[in-house]
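Trainee: Could you take me closely through the strand pairing in this model and then through the charged side chains that meet around it? I should like one connected account, with the reasoning set out wherever burial is concerned.

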Amino acid sequence: MAATGRKHFVRDFNHFITCYLCRGYLIKPTTVTECLHTFCKSCIVQHFEDSNDCPRCGIQVHETNPLEMLRLDNTLEEIIFKLVPGLREKEEQRELEFWRRSQRENGQEALRRQRFGLPDVGGDDGGAGGEDDDGEGGDDDYHRSDPQIAICLDCLRNTGPSGESSVSDLMKRFIRCSSRVTVGTIKKFLSLKLKLPSSYELDVLCNGEIMGRDHTLEFIYMTRWRLHGENTYPMVLEYRPRIDFG
């Protein structure tokens with residue numbers, strides 16, 4: 001008599017496909033390369049805001065920036081979506097509702113400011129929101145309700161028009177800011193932090209491609225970073241003196 005195979009249930013695999021931090025199914029599973037423990041991307045990024053240690057085994061992931069040691073596991077994500085019926089559709093719908101709610105709340109806030117004559121602190125007039133700007137106060141947390149994104153700003157080592165290195169590294173390369181921040185705002189942020197003259201022009205690049213002034217960080221992440229197979233986090237943007245090809 002042939003032996004019948006044992007029927008497996010999704011719960012049999014829960015130990016492998018659930019997040020240690022939130023106890024739910026892994027969403028955008030992200031692995032710590034130092035110890036190979038995997039968590040939801042949003043869970044582990046939030047954890048690393050307050051700690052440099054793995055929440056499961058306690059190992060120190062990185063002395064200063066543990067986000068460098070994270071890698072997305074797209075294969076595991078596809079396995080989970082195949083194992084758990086409806087999870088992919090549910091997560092996509094949840095993200096869509098989140099974006100719609102954020103846009104609606106931002107619109108209501110703009111109307112409130114207009115009604116009471118309050119200044120608009122959004123757009124290109126403010127800092128990038130990742131570090132405290134000198135001399136600014138009051139509504140610094142306005143963009144906290146926006147979806148946030150972590151980025152790394154790297155200096156490209158080339159020479160400016162004068163033939164000498166004219167820009168330097170930021171003291172803090174890693175910042176966290178609104179995903180709606182534009183490249184124009186990033187340029188102003190860099191000019192402020194690097195104490196560049198107002199006439200000085202910078203290029204901001206992603207994967208070697210110069211980004212337009214009106215591109216938002218969300219747009220760059222979706223169309224230049226993620227779609228080019230970059231699974232590292234945070235997103236890396238590079239800056240350099242503007243090169244005049246004319």
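**Strand pairing and salt bridges**

Mentor: T31 of strand β1 faces T38 across the pairing with strand β2. The model under discussion is a predicted one. Strand β1 covers residues 29–32, strand β2 covers residues 38–40, and the two run antiparallel over 3 bridges. They form a hairpin with 5 residues between the strands, and in this hairpin L36 adopts a positive phi near 65 degrees.

Strand β1 has a further partner in strand β3 (residues 70–72), again antiparallel and over 3 bridges. In that pairing, T30 stands opposite L72. As to the faces, side chains in a regular strand alternate between the two sides of the sheet. In β1, P29 and T31 lie on one side, T30 and V32 on the other, and all four are buried, so that both faces of the strand are covered.

Strand β8 may be considered next. Of its 7 residues, 5 are buried, and the strand is therefore largely enclosed by the rest of the structure. Strand β4, residues 148–155, pairs with β8 in the parallel sense over 5 bridges. Within the β4–β8 pairing, D154 stands opposite E238. Strand β6 also pairs with β8, here in the antiparallel sense and over 4 bridges. V204 has Y239 of β8 as its bridge partner.

The charged side chains can now be placed on this framework. R242 and D203 form a salt bridge, with 3.2 Å from N to O. D203 belongs to strand β6 (residues 202–206), whereas R242 lies in the segment after β8 (235–241), so the contact ties together parts that are 39 residues apart in sequence. What is the burial state of each member of the pair? The relative accessible area of R242 is 38%, which means that R242 is partly exposed. D203 has a relative accessibility of 3% and is therefore buried, the cut-off being under 20%. The pair also belongs to a wider arrangement, a network of salt bridges that links E201, D203, R240 and R242.

A further salt bridge joins R224 and E209, at 3.0 Å from N to O. This pair links distant parts of the chain, since R224 is in helix α6 (residues 217–225) and E209 in strand β7 (residues 209–210), 15 residues apart. R224 has a relative accessibility of 17% and so counts as buried. E209, at 35%, counts as partly exposed.

Within a helix, E91 and R94 provide a local example: their closest N and O atoms are 2.7 Å apart, in a salt bridge. The two residues lie in helix α4 (residues 87–116) with a spacing of 3 residues, about one turn of the helix. At 10% relative accessibility, E91 falls under the 20% limit and is therefore buried. R94, at 48%, is partly exposed, because exposure requires over 50%. For the model as a whole, the count of salt bridges comes to 9.

Note on methods: Residues numbered from 1 in each chain as written. Predicted model: local features only at pLDDT ≥ 70, side-chain atom pairs only at ≥ 80, totals over all residues. Heavy atoms only, no water. Salt bridge = Lys/Arg side-chain N within 4 Å of Asp/Glu carboxyl O. Buried < 20%, exposed > 50% of the residue type's maximum accessible area, 1.4 Å probe, protein only. Pairing = 2+ DSSP bridges.
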